[in-house]
Amino acid sequence: MKFGIIGYGNLGKAFASALICTGEIPACDISVYDSSEAALTAAKKESFNIYSADGINEMIKNTDIICIIVKSYVFEELAKNMDQSILKEKLVISMMAGVTFEQIYSLIGQVSLARVMPSIAIATNEGVIAYTKLPEKVSVIFGKFGYAFETEPGNLEKATAFASCGFGFAAYLIDAFAKAGEKMGFPPETASHIAALTFKNASGSSNFRETVKAVATPGGATEQGINHMDSNNIYEIVAEAMQKSYKHVT
């Protein structure tokens, strides 16, 4: 299978890296289209096939699967120059948050289409990737990106908020933990290292709530901190933050 990536920003780079990390797709079978010369220069260093300017249809012609990883307004302009007759022979995969099947069809016609929502951590095959119905040969590859699952189109934006935005939330919380360590007098580097290791160890738990109960013994120091967080509705704050992100992508 030959993959064409339209848009080589952060997510485009992560997707290309994910393909390479699986060991299934060699660099010579990945093509990149982007309007940015800097992005294409970065892609060229990875030995991908490069297309720019009016070369988008040439890239489509030379690949089997077209992955659209740009902002919706960028795609609206690109679609005007995309040869729909060539696209009909390909599988088109959209990674554009909030852009429905109907909206995509209205721009490029009735193509074989799937929507996919990945987290940036797929770059090292440790991410989350939600997708609508895909050919088995493609879903097998995506299954190597980390935790992959098929879902209904209406759930894709939920997956974006929970996994993709959630990645940023998790980093935010770890940073807050590290800053708390600095306030206690630890050097920044030490505080960051302890924070990262602590969250890594906690993430290995099979039941997070039970882990909390196990370490927050009655009258102990951990219980004091947990009680403070509970009294400030930390669970609700996180849930509300997730809803804010979800509403933004719908």
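Biologist: What makes the contact between Glu-157 and Arg-115 a salt bridge?

Modeller: The model is predicted, so every value here is computed from it. A salt bridge needs a side-chain nitrogen of Lys or Arg within 4 Å of a carboxyl oxygen of Asp or Glu. For Glu-157 and Arg-115 the N to O distance is 2.6 Å. That is within the cut-off, so the pair qualifies.

Biologist: Why can this pair be said to tie parts of the chain together?

Modeller: Glu-157 belongs to helix α8 and Arg-115 to strand β6. The two parts are 42 residues apart in sequence, so the bridge joins them.

Biologist: Why is Glu-157 called buried?

Modeller: Buried means under 20% relative accessible area. Glu-157 has 9%, so the label holds. Arg-115 is buried as well.

Biologist: What does Glu-157 touch, leaving out residues up to four places away in sequence?

Modeller: Its contacts are Ala-97, Gly-98, Arg-115, Tyr-246, Val-249 and Thr-250.

Biologist: How do you know that the length of α8 agrees with its residue count?

Modeller: Helix α8 runs over residues 156-183, which is 28 residues. At 1.5 Å a residue the expected span is 40 Å. The end C-alpha atoms lie 39 Å apart, so the two agree.

Biologist: Where does α8 bend, and by how much?

Modeller: The bend is at Gly-166, by about 45°. Gly-166 is also among the buried residues of α8, as are Ala-163 and Ala-178.

Biologist: What covers the buried residues of α8?

Modeller: The cover includes strands β6, β7 and β8. Helices α9 and α12 are also part of it.

Biologist: Which residue just after α8 takes a positive phi?

Modeller: Gly-185 does, at about 110°.

Biologist: What makes Lys-179 and Glu-182 a salt bridge?

Modeller: Their closest N and O atoms are 3.9 Å apart. The limit is 4 Å, so the pair counts. Both residues lie in α8, 3 residues apart, about one turn of the helix. Asp-175 is linked with them in a network of salt bridges.

Biologist: Why are Lys-179 and Glu-182 called partly exposed?

Modeller: Partly exposed covers the range between under 20% and over 50%. Lys-179 has a relative accessible area of 40%. Glu-182 has 28%. Both values fall in that range, so both get the label.

Biologist: How many salt bridges does a search of the whole structure find?

Modeller: The search finds 6. One of the salt bridges joins Lys-144 and Glu-24, with the closest N and O atoms 2.4 Å apart. Lys-144 sits in the loop between α7 and β8, and Glu-24 in the loop between α1 and β2, so the bridge connects parts 120 residues apart in sequence.

Biologist: Are Lys-144 and Glu-24 buried, partly exposed or exposed?

Modeller: Lys-144 is at 34%. Glu-24 is at 42%. Neither is under 20% or over 50%, so both are partly exposed.

Biologist: How do you know that Lys-90 has no salt bridge?

Modeller: The nearest side chain of opposite charge is Glu-89, 5.0 Å away. A salt bridge must be within 4 Å, so this pair fails. Lys-90 is nevertheless buried. Its place is the loop between α5 and β5.

Biologist: What lies 3.4 Å from a polar atom of the Lys-90 side chain?

Modeller: The backbone oxygen of Ile-60 does. Polar contacts are counted within 3.5 Å, so the distance fits. Lys-90 also touches other residues, among them Lys-61, Thr-63, Asp-64 and Ser-112.

Terms used. Residues numbered from 1 in each chain as written. Predicted model: local features only at pLDDT ≥ 70, side-chain atom pairs only at ≥ 80, totals over all residues. Heavy atoms only, no water. Helix = DSSP H or I, 4+ residues; strand = E, 2+ residues; numbered from the N terminus. Expected span 1.5 Å × (residues − 1). Bend = angle between axes of the 7 residues up to and from the residue. Buried < 20%, exposed > 50% of the residue type's maximum accessible area, 1.4 Å probe, protein only. Contact = heavy atoms within 4.5 Å. Lys, Arg positive; Asp, Glu negative; His and termini not counted. Polar contact = N/O pair within 3.5 Å; in protein donor to acceptor, adjacent residues only side chain to side chain.
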